[in-house]
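Hello,

Here is the structure I promised to pass on. Please have it open while you read; my notes follow below.

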Amino acid sequence: MSVTVALAAVAALLAATVVLGVLLKSREGGRRRGAKRGAELRLAPADLAPAALAERATLVQFSTEFCARCPQVRRVLGAWADARDGVAHAEIDLTHRRDLAARYGVLSTPTTLLVDGDGVIRARFLGVPRLDAVADALAELPGPSINA
């Protein structure tokens, strides 16, 4: 194999790796996904214990002890929810509650669910959620608007 062919192969492999990395990162980056279609999926209040569902909405963050980004998400979402009436932030550590990962379809952490006051899961955010996407999801909830 000539040096030119080897360099071209390495360049093509590098380009494919970069494209794949960009695609994977764009899919994760806090992108909002709708709740699953069909039957209404509800969060059981007992799964939040000792926390409770907020009147308007609860941001339920699924974390693990080994998640590097989870502490950042906890701080940001906690402060963001505290600044809004009727909105709360709750965190569930899947390290100790593995059963909940299967029940709510959590494949990676952090994953955040937007749950309305009745426990209905309205949106899902994978990775670090973008606050503008969270605000948009909150604005779509029925009822009075929330101070942004």
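I start with a contact in the middle of things: the side chain of Arg124 reaches the backbone oxygen of Gly105 at 3.4 Å. Bear in mind that this is a predicted model.

**Arg124**

Arg124 sits in strand β5, which covers residues 121–126. What is the nearest side chain of opposite charge to Arg124? That is Asp47, 12 Å away. Arg124 is buried, yet has no salt bridge. With a cut-off of 4 Å for a salt bridge, Asp47 at 12 Å does not qualify. Backbone oxygens are found by the arginine instead. Besides Gly105, there is Tyr104, whose backbone oxygen lies 2.8 Å from a polar atom of the Arg124 side chain.

**Leu43**

Tyr104 turns up again here, as one of the contacts of Leu43. Leu43 belongs to the loop between β1 (32–34) and β2 (57–63). Is Leu43 buried or exposed? Its relative accessible area is 2%, so Leu43 is buried. Neighbours within four places in sequence aside, Leu43 touches Leu48, Leu53, Val60, Tyr104, Val115, Gly119 and Ile121. Arg103 is 60 residues from Leu43 along the chain, and their C-alpha atoms are 9.4 Å apart.

**Two cis prolines**

Most peptide bonds are trans. Please look at these two. The bond from Ala49 to Pro50 is cis, with omega near 10°. Pro50 is in the loop between β1 and β2, the loop that also holds Leu43. The bond from Thr109 to Pro110 is cis as well, with omega near 0°. Pro110 is in the loop between α3 (98–103) and β4 (111–116).

**The disulfide**

How many disulfides does the structure hold? One. It joins Cys67 to Cys70, with S to S at 2.1 Å. The torsion about the S-S bond is about 85°, so the disulfide is right-handed. Both partners are buried: Cys67 has 11% relative accessibility, and Cys70 has 1%.

**Confidence**

The mean pLDDT of the protein is 85. A score of at least 70 is reached by 83% of the residues. Where is confidence lowest, and where is it highest? The low is in β1, with a mean of 56. The high is in β2, at 97. Those two strands flank the loop that holds Leu43 and Pro50.

Best wishes

How values were computed. Residues numbered from 1 in each chain as written. Predicted model: local features only at pLDDT ≥ 70, side-chain atom pairs only at ≥ 80, totals over all residues. Heavy atoms only, no water. Helix = DSSP H or I, 4+ residues; strand = E, 2+ residues; numbered from the N terminus. Buried < 20%, exposed > 50% of the residue type's maximum accessible area, 1.4 Å probe, protein only. Lys, Arg positive; Asp, Glu negative; His and termini not counted. Polar contact = N/O pair within 3.5 Å; in protein donor to acceptor, adjacent residues only side chain to side chain. Disulfide = S-S within 2.5 Å. Contact = heavy atoms within 4.5 Å. pLDDT = per-residue confidence, 0-100.
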